[in-house]
Amino acid sequence: MKSAREKIQYRSLPFQVLERPGGVVLKRGTEQLLIEGELALESILLLLSVTSGTSATEDEICSKFAQPDHPNVRRLIELLYQKRFLVAADRIPGDLSEDNADIFYWQHDRTRQSIVDKLSELSIAIAGINPLTHHIHASLTAMGVTNICLMDDPLLRSHSFFKDDQINPQAWTGSLPAIIPAQQREEALKDHRAKCLIAATAYGGQVLLLEWNRLCIDKQIDFMPVNLQDMIGYAGPLVIPDKTACLQCLRMRQNAHLHDVDLERLAEQHAHRGQSIAAIHPSMITVLADTAVFELTHFYGNLADPRPGRLIRIDLAAGTTDAFPVLKIPRCPVCSKLNKMAAVKTRKLNPMP
Ligand SMILES: [Zn+2]
């Protein structure tokens, strides 16, 4: 009786074969496999002749080689299968056609569809109608993510997307999802069953995102703040309620390093009115928006080394990108559990009549 492995129909995924003295190097994504031996190239080409675009069992592959070589061929098949250069044919579409994004997902032992499904299951809500949210929405929908809703917030609006107080479909190119008015946002988030909310401002108003931060902590919704301020983009920290620092934690830590908080934060309060005089290169929008989308893809796609609670700072003018972990403030007025505990204790000591 044949073992499960002997029944596998092996099929090779596309990879490069690079000849070198005494062997070959096989390359796919960033993976490189060194196969040593004078007959390495010939063996790989022979194996490909029955597994590229078609499939064969281990015995069928071995039948192409001389009997004395079978043990080495079986070891080669095992290595290629372990490294996923060879896969079971029933695990991939018959008409396999991959682009570079597919190879990226393969590199992380994921498929594009698994990532798209995870992001769609989040019922993502996007707050604000501006160039950042426009690009974030376009990137997510281009990936195939569905179930996205767009929420209006007068303070996060870009004037260029509106005409007579209505969104201008000529400015918002691409698909336009249903837009939820600001006053309906809480019930809409509930109806939409949003598990993740992205709020973005392109004009430097971190303070304008704090209310969304508070709402997400309160409703136990993951929160991704995105803002572009004085030509520097900030993505994150991705806030996971009760687990990571929140945007208020970040703000308090930033304030601790400012000489004159009131003066240096003054423009933020009025950012939505100063958008016509903001200095923004279009690349600052696309790079920042795609960074936010990539961070969501990375975290929810469960790629290696998850990193919620991290602030990514992009300074295109200086040509630098940095990332910093944001630590929780123990008594953050928004996300600290200590606040809730203290409130309970106070009520016990001073019962209401
Ligand atoms: Zn906090």
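Student: Where does Pro-237 lie?

Tutor: Pro-237 lies in the loop that runs between strand 13 (232-235) and helix 10 (247-255). Keep in mind that this is a predicted model. The peptide bond joining Gly-236 to Pro-237 is cis, with omega at about 0 degrees.

Student: Which residue other than glycine has a positive phi near 60 degrees?

Tutor: That would be Gln-220, with phi near 60 degrees. Look for Gln-220 in the loop between helix 9 (210-219) and strand 12 (222-229). Gln-220 counts as exposed because it has 10 C-beta neighbours inside 10 Å, and the cut-off for exposed is 12 or fewer. Met-231 is not a glycine either, and its phi is positive at about 70 degrees. Met-231 sits in the loop between strand 12 and strand 13. With 16 C-beta neighbours inside 10 Å, Met-231 counts as partly exposed.

Student: Is Thr-173 buried or exposed?

Tutor: Exposed, because Thr-173 has 9 C-beta neighbours inside 10 Å. You'll find Thr-173 in the loop between strand 9 (166-167) and strand 10 (179-180). Try checking it against His-135: the two are 38 residues apart in sequence, and their C-alpha atoms are 9.8 Å apart in space.

Student: On to sheets. In what order do the three strands of the open sheet come?

Tutor: The general idea is that strands of a sheet pair through backbone hydrogen bonds, either parallel or antiparallel. Here the three strands form an open sheet in the order 2-3-4, and the pairing is antiparallel. Strand 2 (16-20) and strand 4 (31-36) are at the edges with a single partner strand each, so each has one side without a neighbour in the sheet. From one strand to the next, the twist averages 25 degrees.

Student: How many bridges pair strand 2 and strand 3?

Tutor: Five bridges, in the antiparallel sense. Within that pairing, Arg-20 is opposite Gly-23 in strand 3. The two strands form a hairpin with two residues between them, and Gly-22 in the turn has a positive phi of about 80 degrees. Strand 2 is hardly covered, as zero of its five residues are buried. Strand 3 (residues 23-28) also pairs with strand 4, over six antiparallel bridges. There, Lys-27 stands opposite Gln-32 of strand 4. Helix 2 (residues 40-51) packs on the sheet, touching strand 2, strand 3 and strand 4, and its direction makes about 45 degrees with that of strand 3.

Student: At what angle do the axes of helix 6 and helix 12 cross?

Tutor: Two packed helices are described by the angle between their axes and the distance between the axes. In this case the axes of helix 6 (residues 112-121) and helix 12 (residues 282-300) come within 10 Å and cross at roughly 100 degrees. So helix 6 is roughly perpendicular to helix 12. Helix 6 contributes Ile-115, Lys-118 and Leu-119 to the contact, while helix 12 contributes Leu-296, Thr-297 and Tyr-300. By type, the contact residues are four nonpolar, one polar and one charged.

Student: Which residues touch the most other members of the largest nonpolar core?

Tutor: In soluble globular proteins, nonpolar side chains tend to be buried together. The largest nonpolar core here has 62 residues, and Leu-197, Ile-198, Leu-288 and Ala-292 touch the most other members. Helix 12 gives this core its largest share, eight residues. Leaving aside neighbours within four places in sequence, the contacts of Ile-198 include Ile-124, Ile-136, Met-224 and Ala-292. Another core, of 16 residues, lies apart from it, with Ile-8, Ala-56, Ile-77 and Leu-86 among them.

Definitions and conventions:
Residues numbered from 1 in each chain as written. Axes fitted to C-alpha atoms, helices over the stretch in contact; angles between N-to-C directions. Helix = DSSP H or I, 4+ residues; strand = E, 2+ residues; numbered from the N terminus. Parallel < 35°, antiparallel > 145°, perpendicular 65-115°, else oblique. Contact = placed C-beta atoms within 7 Å. Nonpolar A, V, L, I, M, F, W, Y, C, P; charged D, E, K, R; others polar. Pairing = 2+ DSSP bridges. Core = buried A, V, L, I, M, F, W, Y, C linked by C-beta atoms within 7 Å. Buried ≥ 20, exposed ≤ 12 C-beta atoms within 10 Å, placed from the backbone.
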